[in-house]
Amino acid sequence: MIPIQSKLPQVGTTIFTTMSALAAEVGVINLSQGFPDYECSPVLIELINEAMKDGHNQYAPMPGVAALRQQVVNKVNKLHGSNYNADTEVTITAGGTQAVFTAISTVVNPGDEVIIFEPAFDCYAPAIKLMGGIVKSLELEPPNYRIPWDMVKKLINNRTKLIIINSPHNPTATILQEDDIEELTAIIRSQDIFILSDEVYEHLIYDGQIHHSMARYPELAERSFVIASFGKLFHATGWKVGYCLAPAYLMNEFRKIHQYLVFSVNSPMQYAMAKYLEDEHVYTDLPSFFQQKRDYFRAGLAQTQFELLPCYGSYFQSVKYQNLSNQNDVDFCLQLTKEAGIATIPTSVFYTRQTDHHILRLCFAKNQQTLDAAIERLMNFKPL
Ligand SMILES: Cc1ncc(COP(=O)(O)O)c(C=O)c1O
């Protein structure tokens with residue numbers, strides 16, 4: 001074997017792979033990885049078939065199919081009062097993950113510092129490290145997981161290049177509030193710091209709250225990459241199509257990397273999605289669709305020994321299990337899978353230091369029968 005110097009020596013098999021493998025065992029209900037267990041719209045599938053039959057099977061333009069870019073910009077500009085240009089300020093990507101990687105590659109150089117908030121989605125830190133950047137993580141505290149802006153201020157220095165925000169937040173289901181926006185704006189005003197705003201759960205937001213997209217605030221938008229995922233929007237996480245919005249001067253650099261990373265994203269999906277998005281109900285109906293699931297799941301969980309944390313957005317619900325066990329969250333999660341047949345995610349895996357608050361993350365993007373069966377099992381679960 002030729003010796004290889006690993007670029008990511010700390011990275012092993014993730015808990016998502018472990019839990020999904022366990023969940024694949026017969027009879028286990030999988031509330032671990034975030035994906036729906038119901039079908040996406042048959043209309044959309046029909047549109048994809050049509051696009052293929054119509055011959056849209058060759059390379060799409062590098063930044064994405066023009067009609068889809070236009071639909072994205074129409075949606076975002078309408079929802080947030082922004083003014084993105086479909087030619088120069090949006091690129092269709094291979095899911096949110098590629099958009100995140102490309103945005104990080106675009107601005108992070110060796111020695112640059114990037115502030116992230118933990119618990120954090122798992123793809124930020126590796127991308128920063130691959131670019132030679134330094135991860136500066138700040139831990140958020142349950143149950144509210146508010147960003148400690150005074151500590152953010154203390155972390156900032158002339159090497160700080162990027163702040164990564166994620167709202168609605170995975171795994172905690174919290175959202176940015178108006179005062180967070182004020183704090184963030186005040187902090188970056190006098191600094192050359194970019195923002196990566198991971199907004200893949202932008203439409204999964206509840207109780208009539210608004211989504212504080214960076215796109216809404218010109219002073220923030222002018223330095224932000226706003227990232228979204230059609231996987232979340234269309235209940236089809238396996239399709240891996242998403243997009244990134246950024247002002248033209250940033251998007252120009254983003255596309256230089258995008259074109260050598262993937263060049264372009266698969267065409268029939270893009271033609272179909274553009275048509276499908278002509279009906280705005282596709283996204284305006286999403287909050288109520290998921291709120292109904294959230295409310296149902298929370299009402300069921302309230303009858304169990306698990307303690308609910310707030311859920312303002314995303315399709316995740318966090319629970320504390322201190323009434324049932326004082327094991328660490330990874331061990332408890334494995335026990336729950338083996339004994340109750342419910343796969344979940346321990347939230348310590350979202351922290352660099354594996355900080356364990358004895359909290360599990362459960363995904364409720366599931367059909368009614370799955371939610372009913374999960375609630376029943378959780379209700380009857382008595383650790384041995
Ligand atoms: C916070 C967050 N960002 C990005 C992604 C990646 O999105 P995609 O599946 O479109 O690559 C996910 C997917 O779960 C996510 O939860």
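1. A helix here is a DSSP run of H or I with at least four residues, numbered from the N terminus. With that in hand, a friendly reminder that this is a predicted model. Helix α4, residues 95–107, supplies the largest share of the shell around the ligand, namely three residues.

2. Staying with the ligand, 14 residues surround it, and those that come nearest are Gly95, Gly96, Thr97, Asn170 and Ser229. By class, the shell holds ten polar residues, two charged ones and two nonpolar ones. Please keep Asn170 in mind, as this residue returns in point 8.

3. Next, the seven-stranded sheet. Its strands follow the order β2-β8-β7-β6-β5-β3-β4, the sheet is open, and the pairing is mixed. The edges are taken by β2 (90–93) and β4 (134–139); each has a single partner strand, so one side of each is left without a neighbour in the sheet. On average, neighbouring strands of this sheet are turned by 20 degrees against each other, with direction ignored.

4. How does α4 sit relative to this sheet? The helix packs on the sheet and touches β2, β5, β6, β7 (224–229) and β8 (242–245). The direction of α4 makes about 165 degrees with that of β7. If you would like one strand pair to look at in detail, try β5 (residues 160–166) and β6 (residues 194–198): they run parallel and are joined by five bridges. Within this pair, Asn166 stands opposite Asp198 of β6.

5. Now a helix pair. Two packed helices are described by the angle between their axes and the distance between the axes. For α3 (residues 66–80) and α11 (residues 267–276), the axes come within 8 Å and cross at roughly 40 degrees. That angle makes α3 oblique to α11, and the crossing is left-handed.

6. Which residues make the contact between these two helices? From α3 come Ala67, Leu68 and Gln71, while α11 brings Gln270, Tyr271, Met273 and Ala274. The residues of this contact of α3 with α11 divide into five nonpolar and two polar, with no charged residue.

7. There is also a sheet of four strands, open and antiparallel, in the order β9-β10-β13-β12. Its edge strands, β9 (307–308) and β12 (345–346), each pair on one side only. Strand β9 is joined to β10 (residues 316–320) by two bridges, and the two run antiparallel; Glu307 stands opposite Lys320 in β10. Helix α13 (residues 286–301) lies across β9 and β10, and runs at about 15 degrees to β10.

8. A few backbone details deserve your attention. Most residues other than glycine have a negative phi, and most peptide bonds are trans. The bond from Glu118 to Pro119 is cis, with omega near 10 degrees, and Pro119 has its place in the loop between β3 (113–118) and α5 (124–130). Asn170 and Pro171 are likewise joined by a cis peptide bond, with omega about 15 degrees. Pro171 lies in the loop between β5 and α7 (178–188), and Asn170 is one of the residues that come nearest to the ligand.

9. Last, Tyr145. This residue is not a glycine, yet its phi is positive, at about 50 degrees. Tyr145 is found in the loop between β4 and α6 (149–155), and β4 is one of the two edge strands of the seven-stranded sheet.

Definitions and conventions. Residues numbered from 1 in each chain as written. Predicted model: local features only at pLDDT ≥ 70, side-chain atom pairs only at ≥ 80, totals over all residues. Near = placed C-beta within 6 Å. Nonpolar A, V, L, I, M, F, W, Y, C, P; charged D, E, K, R; others polar. Pairing = 2+ DSSP bridges. Axes fitted to C-alpha atoms, helices over the stretch in contact; angles between N-to-C directions. Contact = placed C-beta atoms within 7 Å. Parallel < 35°, antiparallel > 145°, perpendicular 65-115°, else oblique. Left-handed = near helix turned anticlockwise from the far one by under 90°.
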